[in-house]
Amino acid sequence: MTHYTRAWLVLGAGEVEAAAPDVDAWISAERRHRIAIVTALPPATPALRRLALAAAQCTITTDGEQPAIVAGYPDGGCRARETLISLPGLLLATGQRERAQ
């Protein structure tokens with residue numbers, strides 16, 4: 001049997017002016033991104049489409065607008081060894097040759 005311990009974290013803050021995120025714009029951009037991934041594939045099976053979308057979750061764009069591959073979530077950053085190992089499957093096999101460069 002697994003035993004769980006309950007912990008509470010209480011944060012306090014003053015008034016903070018923050019712009020609300022534009023969720024509708026983010027959802028629209030994400031849909032366009034997913035459609036672009038799937039349409040870049042050669043004729044694909046539904047399984048390949050799902051794999052391509054899963055692979056896209058491992059790639060990010062850095063603040064400098066450079067594509068990068070996340071090596072390990074949540075602690076991972078961009079590591080050269082893991083990037084080079086995963087590059088063929090994450091970008092080249094999914095038709096994203098421009099991002100791979």
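The legends below accompany close-up views of a predicted model of a protein.

**View 1. The whole chain is built from four helices and two strands.** Read from the N terminus on, the elements of this predicted model follow the order α-α-β-β-α-α. The protein has 101 residues, and buried residues make up 17% of them. Its surface exposes about 8,600 Å², of which carbon and sulfur atoms supply 58%. Among the contacts in the protein with a separation of 6 or more, 27% are accounted for by residues that stand 24 or more positions apart.

**View 2. A nonpolar patch on the surface is formed by Val23, Trp26 and Ile27.** Together, these three residues have about 300 Å² of accessible area. Valine 23, one of the patch residues, lies in helix α1, which covers residues 23-40. With a relative accessible area of 46%, valine 23 is partly exposed, because that class takes in values between the 20% under which a residue is buried and the 50% over which a residue is exposed.

**View 3. Glutamate 30 and arginine 34 meet through their side chains in a salt bridge.** The distance from N to O in this pair is 2.9 Å, and the structure holds one salt bridge. The partners both lie in helix α1, where they are four residues apart, or about one turn of the helix. Is each partner buried, partly exposed or exposed? Glutamate 30 is partly exposed, with a relative accessible area of 25%, and arginine 34 also counts as partly exposed, at 40% relative accessibility.

**View 4. The largest pocket holds about 180 Å³ of space.** Both partners of the salt bridge in the previous view, Glu30 and Arg34, belong to the lining of this pocket. From elsewhere in the chain, the lining includes Leu53, Ala56, Gln57, Thr59, Ile60, Thr61 and Arg99, while His33 and Ile37 are also among the lining residues. Which elements each supply at least two residues of this lining? They are α1, α2 (46-56) and β1 (59-61), and of the elements α1 gives the most, with four residues.

**View 5. Alanine 100 is placed in helix α4, which covers residues 97-100.** At 22% relative accessibility, alanine 100 counts as partly exposed, because a residue is called buried under 20%. When residues up to four places away in sequence are not counted, alanine 100 touches Leu87, Leu91 and Leu92. A further leucine, leucine 90, stands ten residues from alanine 100 along the chain, and the C-alpha atoms of the two are separated by 9.0 Å.

Methods. Residues numbered from 1 in each chain as written. Predicted model: local features only at pLDDT ≥ 70, side-chain atom pairs only at ≥ 80, totals over all residues. Heavy atoms only, no water. Patch = residues over 30% accessible without salt bridge, like charges linked within 9 Å, V, L, I, M, F, W, Y side chains within 5 Å. Areas by Shrake-Rupley, 256 points an atom, 1.4 Å probe, with all protein chains shown as cover. Salt bridge = Lys/Arg side-chain N within 4 Å of Asp/Glu carboxyl O. Buried < 20%, exposed > 50% of the residue type's maximum accessible area, 1.4 Å probe, protein only. Contact = heavy atoms within 4.5 Å. 1 Å grid on protein atoms, 1.4 Å probe; cavity = no way out; pocket = protein on both sides within 12 Å on 5 of 7 lines; lining within 4 Å. Points joined across faces, edges and corners; volume = space filled by probe spheres on them.
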